[in-house]
Amino acid sequence: YYLCEKSDGIRCLLYFTRDGDQEVHYLIDRKNDYYWVRNLHFPLPGDDTFRGFHTETLIDGELVLDDVGEGKKLLRFLVFDCLMLDNQRMMHRMLDKRLGYVMERIYKPYKHLCKAFRDEVQFFPFQIEFKKMEFSYSIQWMFDSVLPKLPHGNDGLIFTCRTTPYKCGTDAHIIKWKPALENSIDFRLNLEFPLLPPSSPSSSSPSRESTPEHDYHAMPTFHLSVFMGDDAYKKWAQMHVTAEEWEGLKGMGVPLDDAIVECAMDKEGRWRYMRFRKDKKHANHISTVDSVMESVRDAVGREELIAVQAEVRKAWKARAA
């Protein structure tokens, strides 16, 4: 396995194609929405004219907003995998090979371009960086040296198998670790407002029953549902919200019903709001929810990970011998 930090960003695919003799690039999000990106150029390796470019290429990565100091922010796309390269399928290759192709064919020529045209880099919509992979036994070094210096948000570690092919959807060979209180689930949120007390019958129609009305000024019940597949959802839990938090949610000015919301469990076992996931069309599937709940129950901590580091290193060295 390789080890990297789990960035708190937006997962996207970056698609390279062409329109006539012009290169075109799109970001593709989790909803399969395409966003045309201007002013990107990825030259071919060994082309000092920088005129050639890649097409029919698809790389996997994450958009992060880095703090570069002095109150300045820089948008970066962190590349960590490759599905297609110049119309050649990469998904069946091992991670080692996929990363090697990205590094040599895409990233190094791109950095050569940036070095040759330093003044133009500021006009790029975002900068490309290669997400560094470490050996899986570098756990303590990640905690002590890498995570504290990150210029963007982080919510854990990712262990990616180096000998398996790329898999769309959930990959059982990828291991994600989060601190116990940050193990989160993406739910669909639905609000249920209480009913107002029935009004008294009027003197003109004493037998007519009034239609129950909802009290939209009251705090609702916050139902959390999980995705069961085929557009089906199942109520799974409730989100605990304080009166102050409810005022904050209303003040966002966005639709709350049917929104995808990321929640984590607090020390009292209550699901609490973290953020809305506008980048996701569906909540987590029930299989993912079950896996997260297993992680919550296991509650593997930082010290437990560090404790097995020597054993992981020994096994790695034995395989390499």
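Me: Two strands pair if DSSP finds at least two bridges between them. Helices (H or I, at least four residues) and strands (E, at least two) are DSSP runs, numbered from the N terminus. Which residue in strand 13 stands opposite Asn190?

Reply: This is a predicted model, in which local features need pLDDT of at least 70, side-chain atom pairs count only at pLDDT 80 or more, and totals for chains, interfaces and linings use all residues. Residues are numbered from 1 along each chain as its sequence is written, while side-chain values use heavy atoms and leave out hydrogens and water. Strand 12 and strand 13 pair in the antiparallel sense over five bridges. In strand 13, the residue opposite Asn190 is His223.

Me: Which element of the chain has the lowest mean pLDDT?

Reply: pLDDT is the predictor's confidence in each residue, from 0 to 100. The chain averages 91, and 96% of its residues score at least 70. Among the elements, the highest mean, 97, belongs to strand 3 (residues 22-28), and the lowest, 86, to helix 4 (residues 286-298).

Me: In what order do the strands of the open five-stranded sheet lie?

Reply: Strands of a sheet pair through backbone hydrogen bonds, either parallel or antiparallel. In the open sheet of five strands the pairing is antiparallel, and the order is 14-13-12-15-16.

Me: Why is one side of strand 14 and of strand 16 left without a neighbour in the sheet?

Reply: The order 14-13-12-15-16 describes an open sheet. Strand 14 (232-238) and strand 16 (271-276) have one side free because each stands at an edge, with a single partner strand.

Me: By how many degrees are neighbouring strands of this sheet turned against each other on average?

Reply: Axes are lines fitted to C-alpha atoms, for helices over the stretch in contact, and angles run from 0 to 180 degrees between N-to-C directions. For this average, direction is ignored, and the turn between neighbouring strands is 50 degrees.

Me: Which helix packs on this sheet?

Reply: Strand 15 (residues 260-265) and strand 16 run antiparallel and are joined by five bridges. Contact means heavy atoms within 4.5 Å. Strand 12 (184-192), strand 13 (221-229) and strand 16 are touched by one helix, whose direction makes about 20 degrees with that of strand 16: helix 3 (residues 243-251).

Me: Which residue in the turn between strand 13 and strand 14 has a positive phi?

Reply: Six bridges join these two antiparallel strands, and one pairs Gly229 with Ala232 in strand 14. The two strands form a hairpin with two residues between them. The turn residue with a positive phi, about 55 degrees, is Asp230.

Me: How many of the nine residues of strand 13 are buried?

Reply: Buried means under 20% relative accessible area, exposed over 50%, and partly exposed in between (1.4 Å probe, protein chains only). Strand 13 is largely enclosed by the rest of the structure, because its buried residues number seven.

Me: Which element gives the most residues to the largest nonpolar core?

Reply: A nonpolar core is a set of buried Ala, Val, Leu, Ile, Met, Phe, Trp, Tyr and Cys residues joined through side-chain atoms within 4.5 Å. The largest one has 35 residues, and those with the most contacts inside it include Leu14, Phe42 and Phe126. Among the elements giving two or more residues are strand 2 (10-19), strand 5 (57-69) and strand 6 (72-85). With eight residues, the element that gives the most is helix 1.

Me: Which edge strands does the open four-stranded sheet have?

Reply: The order of this sheet is 9-1-10-11, with antiparallel pairing. The strands that pair on one side only are strand 9 (134-135) and strand 11 (175-177).

Me: Which residue in strand 10 stands opposite Tyr2?

Reply: Strand 1 and strand 10 (residues 154-160) run antiparallel and are joined by five bridges. The residue of strand 10 opposite Tyr2 is Thr160.

Me: What is the relative accessible area of Ile28?

Reply: Ile28 is found in strand 3. Its contacts beyond four places in sequence include Arg11, Tyr34 and Leu58, and its C-alpha atom is separated by 8.8 Å from that of Arg11, 17 residues away along the chain. Ile28 is buried, because its relative accessible area is 8%.
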